Structure formats: structure tokens, C-alpha cells
Amino acid sequence: MNIIDQVAEAIISRGDLAHLALFVWASGASTLLAMTLRDLFAANRRFDEFVRELSLFNRRHKGDSP
């Protein structure tokens, strides 16, 4: 029996199903928040790299007229 089964069995045996449901909901919400923040930070990093490359391109081609 793994630790999750033992915890679930202990909570169920006491009749605290509401607490178990709240814990599962809070864990899921926290996991989704962590995943969202990780993706947001990655997108921010990619955008920053794009702006740096665009700035470098503009500096290299400054003064070129068609």
C-alpha cells in the first residue's frame, strides 16, 4: 500500500471526505497554477529574446535606405 492510499484510507475511515475533496481540489489548483506560471515565464523569456534579436537587427541595418 503506497502513502497516498494510506492517507486516503485514514481520512475516509474518519469520515472526512469533504477535507479529502478540498485537499484534492487545492492540490490540483496549485499544480495548474505552477504549470501556468512556468509557461508564462518561458513565453516571457522567448519574447525577450525576440526583442533583443530585433534590436540587434535594427542596429545592424540602421541607415540603410531603399
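Helices are taken here as DSSP runs of at least four residues, numbered from the N terminus. In this predicted model, Arg52 and Asp48 both belong to helix H2, which covers residues 17-60, and the two residues stand four positions apart, about one turn of the helix. Their side chains meet in a salt bridge, with a separation of 3.0 Å from N to O. The two partners fall into separate classes of accessibility: Arg52, at 56% relative accessibility, counts as exposed because the class begins over 50%, whereas Asp48, with a relative accessible area of 37%, is partly exposed.

The count of salt bridges comes to two under the rule applied, which requires a side-chain nitrogen of Lys or Arg within 4 Å of a carboxyl oxygen of Asp or Glu. Besides the pair in helix H2, a salt bridge is formed between Asp39 and Arg38, for which the closest N and O atoms are 3.8 Å apart. Of these residues, Arg38 is exposed, at 54% relative accessibility, while Asp39 is partly exposed, with a relative accessible area of 46%.

A further position considered was Ala8, which lies in helix H1, a helix of residues 3-14. The relative accessibility of Ala8 is 21%, and Ala8 therefore counts as partly exposed, since buried means under 20%. Although Ala8 and Leu20 are twelve residues apart along the chain, a distance of 7.4 Å separates their C-alpha atoms.

Notes:
Residues are numbered from 1 along each chain as its sequence is written. This is a predicted model: local features need pLDDT of at least 70, side-chain atom pairs count only at pLDDT 80 or more; totals for chains, interfaces and linings use all residues. Side-chain values use heavy atoms; hydrogens and water are left out. Buried means under 20% relative accessible area, exposed over 50%, partly exposed in between (1.4 Å probe, protein chains only).
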